[in-house]
Amino acid sequence: MADPSVSLESRVRAAEERVGALAEENRRLAETNGRLRRVIQDMAERHEVELAAERAARERLELQVAELARRVGMDSSNSSTPPSKEPLAAKEKRKATRAASQRVRSKDRKPGGQPGRDGARLAPADDPDRTETAVPPAECSSCRADLSGGRDAGAGWAQVWDLLPAVLEKVHWVLPRRRCGCCGKVTTASVPFARPGCVTYGPHLNGAAVLLVSEGNVPVERAAALIDGLVGVAVSSGFVARANARLGERLDAAGFDAAMRKALAAEPVLCADETPVNLWHKDRGADGAELAGSPHVVTVRTPAPGLVWYAPVHSRSSKALKDLGVLDGFTGHLVRDDYSGWAQFDAQLAGVQQCLAHMIRHLQGVWDLHHDEQRWARRVQDVLREAHTAVTTATAAGDDHLDPDLLTALRARYDKDVEWGRITNRCRDWHDGNHPGHKLARRLADKADQVWLFTKNFAVPWTNNPAEQALRGPKRHQAVSGYWHRPATLGAYCRVRSYLVSARDHGIRALDAIHDALAGRPWLPTPVATAA
């Protein structure tokens, strides 16, 4: 029972105060809950942002890993990577594949030439330089009986072709002098390769030095040792280097480079390519500073044996190729890869043929990324090979064009598969933007006319292999020697190689070509129209 001393009013006030206190406490709790909810929401939002960032980073890393895996897997079969720069694993894989393939093909074959093969053999000379008679046999080859009393059974024959031992001939020239009755000047007689009061090596030793270095890719020190070992003349490495430099100077003085440019400009089809080289001392500009860029050797040549021209450039830039001047005046068809430096000449050309060996390797690289998703790349490879086979067959039959229906069908398959590659890879992510398959498909679509030129003009090869094969010489020389000392040394090497290779393609023996050049009458290329 309530205390009668406490009034009802007091109890009401106390209750109201407790209610107010509870309300205030509820308000504080509500504010605390609100703050906690906001903190939790902020944490959830930050967590979601962090998760999204982590997902994006993971996707970027996955794409970068895919790109790195693609690059690691790139070799000469699926990219433009030259075999010399392949990783060891790729080289070993190729060797193993080649060895396994050869074992499968030849497991039942005996070593050596197979039955029915026409071997290379020497035909006996009708007018040998001399005839010798061998000593008669002393015993029977069957029973070993004494043949001193045996009956004459005629004679067989054999021929041995060999070189005579090299003999160093030392010729002393007497050089008469005459005094001019007009001005009193004394003139001394001259003979080839001789300087008054000096001992010099003649054209044969100079030719040997040039051939060893240029044709054999032998360093000058080893070339000097080989000359000493073969002919017994202890020449110096300086003589070997000077022999090559002298030939380059004679060719330069005769205008060989200008004649080569003029002859190349008159050709209907040319192939062009370039390769990096090592220079100990790079080119320098007018201010004495080294020119930027990586030194390269450029080759421009006819598809068939005929003209092969090498030239050094201080970089692979478009300007360096333009300044070279090798394509000045050329308006024919050019076979090349897709390097943009060559594209600057497209406006002056009758047409461009993309190197389809490069394209097929790039298609292989895309197909290797995913065999199911990138099957279009394999189909494009197939249709390009079929087109090449069709051109080869038509050429063998004496035709100068493909059957229009066949060409239309092949081109339709190509266009369909290239478009499929563009569409299927359009939305695929890659670490730097577009997927490699999308880039390649767009490239094949945009340059389709340059891809298919060889099917319309049979004089145009479908690959740039002639130019790539021409560059094997400088590559092999560098692999042996390691580098060239100076731009002038590289320039002389390129000029000599251009001269010897092109002269050989015109039926001139290398040693004869060297002798003629050193004597001041080198072979010079002539334009097709002039030669005709």
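Where does Pro192 lie? Pro192 is found in the loop between strand 2 (186–188) and helix 3.

## Basis of the model

This is a predicted model, in which local features need pLDDT of at least 70 and side-chain atom pairs count only at pLDDT 80 or more, while totals for chains, interfaces and linings use all residues. Residues are numbered from 1 along each chain as its sequence is written, and side-chain values use heavy atoms, with hydrogens and water left out.

## The loop before helix 3

Pro192 has 70% relative accessibility and therefore counts as exposed (over 50%; buried means under 20%, and partly exposed is in between, with a 1.4 Å probe and protein chains only). Its C-alpha atom is separated by 8.9 Å from that of Pro203, the two residues being 11 apart along the chain.

## Helix 3 against helix 4

Helix 3 (residues 203–215) packs on helix 4 (residues 220–231) at an angle of about 130°, their axes being 10 Å apart. Helix 3 is therefore oblique to helix 4 (angles outside under 35 degrees, over 145 and 65 to 115).

Contact (heavy atoms within 4.5 Å) is made by Leu205, Ala208, Ala209, Leu212 and Val213 of helix 3 with Val220, Ala223, Leu226, Ile227 and Val231 of helix 4. These residues divide into 10 nonpolar, no polar and no charged.

## Nonpolar cores

The largest nonpolar core (buried nonpolar residues joined through side-chain atoms within 4.5 Å) has 49 residues, and those with the most contacts inside it include Val240, Leu264 and Trp342. Beyond its neighbours within four places in sequence, Leu264 is in contact with Leu270, Val300, Arg301, Leu307, Trp309, Val326 and Phe330. Another core, of 28 residues, lies apart from the largest one, and among its members are Leu356, Ala377, Val383 and Tyr414.

Technical notes:
Axes are lines fitted to C-alpha atoms, for helices over the stretch in contact, and angles run from 0 to 180 degrees between N-to-C directions. Helices (H or I, at least four residues) and strands (E, at least two) are DSSP runs, numbered from the N terminus. Ala, Val, Leu, Ile, Met, Phe, Trp, Tyr, Cys and Pro count as nonpolar, Asp, Glu, Lys and Arg as charged, and the others, Gly among them, as polar.
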